[in-house]
Amino acid sequence: MNKSFDPVYFGGRPLEWTYRVRSEGGYRGYYHWHQCCELLFVHEGRGTVIVNRQHYELTGGMLFAFQPFELHNINVSVSPERPYERTILYVDPLPMEDLLRVFPARRQLFAELCRGSRKERAYAFGADKSRIERIFATYERARGAGQGDSPEETSLLLAQLMTCIAENRAETPDAAGEQTAPRRPMRYSETIMHWIEEHYREEFDLERLAGELHLSKSYVSRLFRRETGGSISDYLAVRRIRQACRLLQTTSLPVERIGAEVGLPGAPYFIHLFKRIVGTTPLKYRNRA
């Protein structure tokens with residue numbers, strides 16, 4: 001299992017930027033989360049993004065927004081003939097909201113994306129893909145000139161991006177809450193993730209899960225891996241540890257109690273699993289947080 005907590009270090013800046021990184025092989029997605037907001041723009045590629053226990057199609061021109069501590073997985077089939085190219089913005093929400101104070105409407109939209117309760121996480125720009133790419137290219141030139149960390153350039157980048165998202169929402173009736181088309185059937189993996197969401201604090205029982213889906217245990221496991229690229233056990237472990245991170249940050253509960261709260265009552269195993277996924281012990285994580 002990859003280390004699933006992927007911390008981003010800002011060094012006093014509100015934005016970390018990775019421009020047009022390209023993969024032509026060896027790419028493997030996995031469930032992970034960050035302590036900050038992530039905005040992922042896809043220049044090229046085909047695959048699936050899983051966030052909030054929902055599947056979204058990944059294609060060129062898609063923009064995805066992931067909130068802090070939100071589990072997500074980018075599952076892309078990559079080859080020289082079908083590369084995966086993306087630009088990633090990691091954003092520290094509070095400093096960025098302060099920079100956007102001169103753009104109140106765009107500041108409010110940014111706050112909704114990073115901390116709001118709206119469930120939409122994907123925006124398809126299609127023919128407007130080149131517009132986003134021009135905005136990014138302009139900012140990359142500013143970085144090349146040594147101005148990328150200036151408040152003016154950073155706030156301008158986010159303000160323009162929020163304008164594009166706002167216009168995309170206005171042009172997409174469903175994003176405004178108007179159900180113009182029937183929802184697609186839920187995938188088996190989504191059903192499984194919803195089941196885990198309700199039961200991850202309990203001892204896991206694959207036979208019980210399979211019985212509720214009226215499928216065999218082996219078939220349930222194969223379905224989940226086929227649709228997500230990972231195993232049920234890995235997903236369950238990451239979901240439990242993500243909740244443990246929240247409890248370590250927001251409560252003074254002892255480590256042993258937190259392990260029991262997330263379905264891992266044995267303290268040694270909980271600490272071992274936490275360190276494997278997060279990269280440090282629960283106590284060190286709490287102290288740093």
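**Sheets, helix packing and two positive phi values**

In this predicted model, three strands form an open sheet in the order S4-S3-S6, and their pairing is antiparallel. Strand S4 (54-58) and strand S6 (72-76) are the edge strands, each pairing on one side only. On average, neighbouring strands of this sheet are turned by 20 degrees against each other, direction ignored. Strand S3 (residues 47-51) is joined to S6 by five bridges, and these two strands run antiparallel. Within the pairing with S6, threonine 48 stands opposite asparagine 75.

Two helices can be placed with respect to this sheet. Helix H5 lies across S3 and S4 and runs at about 140 degrees to S4. Helix H7 lies across S3, S4 and S6, with a direction at about 80 degrees to S6.

H5 also takes part in helix-helix packing. Two packed helices are described by the angle between their axes and the distance between the axes. For helix H5 (residues 188-199) and helix H8 (residues 232-250), the angle is about 40 degrees and the axes are 11 Å apart. H5 is therefore oblique to H8, the oblique class here taking in angles that are neither under 35 degrees, nor over 145, nor from 65 to 115. The crossing of H5 and H8 is right-handed. On the H5 side, the contact is made by Ile192, Met193, Ile196 and Glu197, and on the H8 side by Ile232, Tyr235, Leu236 and Arg239. Sorted by character, the residues of this contact of H5 with H8 comprise six nonpolar, no polar and two charged.

A further set of strand pairings centres on strand S7. Strands of a sheet pair through backbone hydrogen bonds, either parallel or antiparallel. S1 and S7 run antiparallel and are joined by seven bridges; strand S2 (residues 37-44) and S7 likewise run antiparallel, with seven bridges between them. Leucine 89 of S7 is the bridge partner of tryptophan 17, and leucine 89 is also the bridge partner of leucine 39.

How many of the eight residues of strand S7 (residues 84-91) are buried? Eight of the eight are, so this strand is largely enclosed by the rest of the structure. In a regular strand the side chains alternate between the two faces of the sheet. In S7, both faces are covered: Tyr84, Arg86, Ile88 and Tyr90 are buried on one side, and Glu85, Thr87, Leu89 and Val91 are buried on the other.

The backbone offers two further points of interest. Most residues other than glycine have a negative phi. Arginine 20, however, has a positive phi, near 50 degrees. This arginine 20 is found in strand S1 (residues 15-23), and arginine 20 counts as partly exposed because its relative accessibility is 31%. Histidine 214 has a positive phi as well, near 60 degrees. The place of histidine 214 is in the loop between helix H6 (206-213) and helix H7 (217-228), and at 71% relative accessibility histidine 214 counts as exposed.

Finally, tyrosine 9 lies in the segment before S1. With a relative accessibility of 65%, tyrosine 9 counts as exposed, the threshold for that class being over 50%. Between the C-alpha atoms of tyrosine 9 and leucine 215 there is a separation of 44 Å, these residues being 206 residues apart along the chain.

Technical notes. Residues are numbered from 1 along each chain as its sequence is written. This is a predicted model: local features need pLDDT of at least 70, side-chain atom pairs count only at pLDDT 80 or more; totals for chains, interfaces and linings use all residues. Side-chain values use heavy atoms; hydrogens and water are left out. Helices (H or I, at least four residues) and strands (E, at least two) are DSSP runs, numbered from the N terminus. Buried means under 20% relative accessible area, exposed over 50%, partly exposed in between (1.4 Å probe, protein chains only). Two strands pair if DSSP finds at least two bridges between them. Axes are lines fitted to C-alpha atoms, for helices over the stretch in contact, and angles run from 0 to 180 degrees between N-to-C directions. A crossing is left-handed if the near helix is turned anticlockwise from the far one by less than a right angle, and right-handed if clockwise. Contact means heavy atoms within 4.5 Å. Ala, Val, Leu, Ile, Met, Phe, Trp, Tyr, Cys and Pro count as nonpolar, Asp, Glu, Lys and Arg as charged, and the others, Gly among them, as polar.
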